[in-house]
Amino acid sequence: MKKKGLLVLLGGLCLALVALPFMTGCAAGEKMEYRIGESVIIEHPDLFSDQYGFRLAMAEAGFVEGVNVEYIFLCAEGDMSLAKSIADRFVSEKVDLIHAITTPNSQACVAAAEGTGIPVVFSTCTAPAEAGIVSTWDAPRPDNVTGVSDMADMKAQMEMIKEIMPELRVLGVIYNAGEVNSVVQTGQLKDIMADVGIEELVEATCSTTAEVATAAASLIGRCDAIYIPTDNTAVSGLEAIIAVAEENKIPFFGSTGDMVDRGCIAAKGANYTWIGKEAGRYAARVLKGESPGDIPVVMCAPEACLLVVNPGAAKRMGFTIPQSVIAKADRVAE
Amino acid sequence: MLSPMIQGILTTSISEGLVYAFVAIGVFLTLRVLAFPDLTVDGSFVVGGSLAAVMIAGGYNPFLATIAAFLGGLATGSITGLLNTKLRLPALLAGILMMVGLYSVNLLIMGRPNIPLLRDITIFDSIASWFGTERSTILVIIVFAVTAFITFMILNWFLRTEIGLALRATGDNEQMVRSLGVDTDKNILMGCAISNGLVALSGALVAQNQQFCDVNMGIGMIVMGLAAVIIGEALIHPRGVASMLLTALTGTFLYRLFITIALRLGLAPGNLKLITALLVITALAIPFIRKKIRHEWMPPATRW
């Protein structure tokens, strides 16, 4: 009896193992006219906005999901080797376009797509030239790649923070020294801090989301306020920093609207839905025949950058936002 | 011949299996041959990648860069070995401390978290130009296969020499080997060095294949190496040196195959790792059940 049971189990497992790869081919459904590979390194709300904006803009241009477009969306779940495997999959399946979100995926997709003729449109990659994805931001260029960067004007951000908190002298910054985008932004911050009147910068780095809380705790008593750039690691651990800020009454400024929704005091940052839409518009142009090298890489337009404030969060951190700033905010979060 | 999807799955798995096989061989060397659980792998993988990337981006010969990466791995492994043999730090702790510390060291080597190699001449570009062709997946597979074969042969020879045998004996029964007057400390040092040298070599090749080196790309390498070794062992029972090395290769190939299949199953993106784990469990359950049915199953020497 026991033997029979084991045999049945064995047979079932063998069948499952062999049949699984074939099942996917059948389950795909009807073949769409356009197949677009989309990948991201890690998931958080701003990146969802990016994706959403992309599909919206594509639909407006006539490329609608389920009608003539199939999106293959894969998340590398923080694993760089997976990012490469995902890029390889897109190339071997000869997708019509790759939409790469975040820097590591963009690098992997651009490397895999080289020489294959598959165009790559990236978004939310802060420093594409430094990451080697494009040779320059201007057009025309020989690359097969174009996209939208989420680099935000650091000076405008700091001026906003200074307007809200004129007495700020020492600023604490939390970021992952292992992310190029954060290193670039912190470098920019160091360049302009004298111009806006910030005297000192205290840095706390975290290499994984587990270390975010420790980094935040290390800033207690060492700075007047905390700021984080668009750093994927720090954003994933945002609530830990908010907890520390609220408990110790340290004002905490973010760099995107989503961070403010989650509990930061204020941010003047890129609108990720806008970035996604712009990338979608670029992708539509490429699919209609334009060469990606002819489309210049842009960053979020200043008019699309939103000033978002959260008076409730400020109160919890023992701080009041000046009425003048609340008045000119694009959005007030609850 | 085969459908493009299966062809794609196989080519990716073979190329990834070959390049990450060095990681598995390195892990095998320390974990099974030397009985020294070495967790430095996460760090030494990137040491190799970063040394190669810095040199290639600086215009040096890519072959030189790859050799430098190997030497860097040798040095890294030596330090782990020294921590254990001279300072008497437990093996696990020595590996963990190295893994943690090397993150910063790698940032220092590269000077930045990420170095792109898209416009630079890598080993694959050099070899492609020798043959007058363009770089392609097939070329990459051939280069990896040749490197794996050469490494295989060298290790096969080395582990049968007197020094190599002493290494294997140290892992088997250190007390006995010491009682025969052999310096086991030196053997541990050598084993760690060679193992991490191979891992660093893998890191250099991976960086050149994916055309960028990132300080975070080593995260999870030890897990992959362990998974590959153990999957291989469950399916091929290594008896001698040649089968040991084949075990590492097969295990890596299968593990990457499962990951590639899971990627293509088209299920919700967040379930990728769960599917990979389930596939591995299924694949390992099959031989176990087969043996049970035939009453051939024997408990292994160690629970791990």
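Start by selecting chain A of this predicted model and colouring it by burial: of its 334 residues, 53% count as buried. Now turn the chain around in the viewer. Along its principal axes, the C-alpha trace of chain A spans about 70 × 65 × 30 Å. Switch to a cartoon view, and the secondary structure of chain A comes to 13 helices and 13 strands. If you draw contacts within chain A between residues at least 6 apart in sequence, 73% of them join residues at least 24 apart.

**Stop one: a sheet in chain A**

Next, select β10, β12 and β13 of chain A. They form an open sheet of three strands, in the order β10-β12-β13, with mixed pairing. Which strands sit at the edges? They are β10 (266-269) and β13 (331-332) of chain A, each pairing on one side only.

Zoom in on β10(A) and β12(A), the latter covering residues 306-309. These two strands run antiparallel and are joined by four bridges. To see one partnership, click on A:Lys268, whose bridge partner in β12(A) is A:Leu307.

Keep the sheet on screen and add residues 154-164 of chain A, which make up helix α5. This helix lies across β10 and β12 of chain A, and runs at about 155° to β10(A).

**Stop two: where the chains meet**

Bring chain B into view and select the residues at the contact between the chains. Chain A puts in 41 residues and chain B puts in 42. On the chain A side, at least two residues each come from α1 (2-27), β2 (69-75), α3 (80-92), α4 (103-113) and α6 (180-196). Which element of chain A gives the most to this side? That is α1(A), with 14 residues. Colour the chain A side by residue character, and you will have 24 nonpolar, nine polar and eight charged residues.

**Stop three: α6 of chain B and two partners**

Hide chain A and select residues 137-158 of chain B, which form helix α6, together with residues 241-264, which form helix α11. Two packed helices are described by the angle between their axes and the distance between the axes. Here α6(B) and α11(B) pack at an angle of about 150°, with their axes 10 Å apart, and the crossing is right-handed. Show side chains for B:Ala148, B:Phe152, B:Leu155 and B:Asn156 in α6(B), which meet B:Val241, B:Ala242, B:Leu245 and B:Leu249 in α11(B). The residues of this contact divide into seven nonpolar, one polar and no charged.

Now swap α11(B) for helix α1 of chain B, residues 4-33. The axes of α1(B) and α6(B) come within 9 Å and cross at roughly 35°, in a left-handed crossing. Among the residues making this contact are B:Ile14, B:Leu18 and B:Phe22 of α1(B), and B:Ile141, B:Phe144 and B:Ala148 of α6(B). By character, the contact has 10 nonpolar residues, four polar and no charged.

**Last stop: B:Ala166**

Finally, centre the view on B:Ala166, in helix α7 (residues 162-172) of chain B. Why does B:Ala166 count as partly exposed? Because B:Ala166 has 17 C-beta neighbours inside 10 Å, whereas a buried residue needs 20 or more and an exposed one has 12 or fewer. Leaving aside neighbours within four places in sequence, B:Ala166 is in contact with B:Val177, B:Val182 and B:Asn187. For a final distance, pick B:Leu82: it is 84 residues from B:Ala166 in sequence and 18 Å away in space, C-alpha to C-alpha.

Methods. Residues numbered from 1 in each chain as written. Chains lettered and ligands numbered in written order. Predicted model: local features only at pLDDT ≥ 70, side-chain atom pairs only at ≥ 80, totals over all residues. Contact = placed C-beta atoms within 7 Å. Nonpolar A, V, L, I, M, F, W, Y, C, P; charged D, E, K, R; others polar. Pairing = 2+ DSSP bridges. Axes fitted to C-alpha atoms, helices over the stretch in contact; angles between N-to-C directions. Left-handed = near helix turned anticlockwise from the far one by under 90°.
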